[in-house]
Amino acid sequence: MARINVNPNRMELSKLKKRLTTAVRGHKLLKDKQDALIKAFLEKARAGKELREKVEKELAECYGTFVLSRAQTTPEVLEQALMFPGASCSLSVKWRNVMSVMVPEYDVEQEGNPVNYGFVSVPVLLDTALEQFSKLILRLLEMAAEEKAIRMMAGEIERTRRRVNALEYVMIPNYKETIRYISMKLDEQERSTLSRLMKIKEIVSA
């Protein structure tokens with residue numbers, strides 16, 4: 001705990017008391033914000049974990065269908081079928097405020113048909129796999145937005161925690177120690193002044 005280097009006078013004492021009041025109020029607000037952020041973070045983290053498990057399960061199903069379709073044809077036919085994509089995606093990003101943290105929301109628009117080849121030598125399972133992957137893109141982007149929001153909220157929690165600790169363990173104790181020091185100095189000055197006045201009174205009376 002360190003004392004702030006200021007002149008021990010009443011003006012500085014008044015300024016420090018105001019700063020201490022502001023620091024205490026700010027500490028309370030930041031502490032409330034930190035608690036609310038942690039609560040929102042835990043809820044979002046649980047939802048993100050559930051979403052990731054669902055997406056991983058769907059992704060495994062998509063790859064399983066694709067592997068089966070690949071086993072039913074030759075690599076050359078498969079490469080030729082997938083050489084020119086028939087569908088395209090456009091992505092836009094919007095931002096929304098969650099507990100003072102701006103988190104992204106991805107909006108994707110799909111155009112065209114992923115099945116863009118002849119059906120003679122291509123297995124039917126490849127159509128199914130491509131349709132599954134096309135639907136899965138939306139889920140993958142939803143998961144990406146959720147996990148990005150979780151990382152941003154975690155960063156904001158850490159920054160808020162550092163501010164709370166700085167106020168709680170550095171600034172507020174320093175203000176209190178300096179106020180105590182100035183108050184003691186002023187009391188000493190008052191006692192010294194009173195002692196001199198009494199001495200002068202004694203001299204005058206004599």
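Which residues does leucine 16 touch, not counting residues up to four places away in sequence? Keep that question in mind while taking in the whole chain, which is a predicted model.

Begin with the full chain in view, where 3 helices and 2 strands can be picked out, and where reading along the sequence gives the pattern α-α-β-β-α. The radius of gyration is 34 Å, well over the 17 Å that the globule rule gives for 206 residues, so the chain is more spread out than a compact globule. Turning the C-alpha trace along its principal axes shows a span of about 130 × 25 × 25 Å, and 29% of the 206 residues count as buried.

Next, select residues 87–98, which are strand S1, together with residues 101–112, which are strand S2; the two pair in the antiparallel sense over 12 bridges. At one place along this pairing, alanine 87 of the chain stands opposite glycine 112 in S2. The two strands form a hairpin with 2 residues between them, and methionine 99 in the turn has a positive phi of about 55 degrees.

Now select leucine 16, which touches Ile4, Val6, Tyr175, Thr178, Ile179 and Ile182 when residues up to four places away in sequence are not counted. Leu16 and Ile182 have the most contacts inside the largest nonpolar core, a group of 13 residues. Helix H1 (10–71) and helix H3 (124–205) are the elements that give two or more residues to this core, and H3 gives the most, with 7 residues.

Finally, select Leu37, Val98, Val103 and Ile157, which are among the 8 residues of a second, separate core.

Notes:
Residues numbered from 1 in each chain as written. Predicted model: local features only at pLDDT ≥ 70, side-chain atom pairs only at ≥ 80, totals over all residues. Heavy atoms only, no water. Pairing = 2+ DSSP bridges. Helix = DSSP H or I, 4+ residues; strand = E, 2+ residues; numbered from the N terminus. Core = buried A, V, L, I, M, F, W, Y, C linked by side-chain atoms within 4.5 Å. Buried < 20%, exposed > 50% of the residue type's maximum accessible area, 1.4 Å probe, protein only. Contact = heavy atoms within 4.5 Å. Rg over C-alpha atoms; globule rule 2.2 N^0.38 Å.
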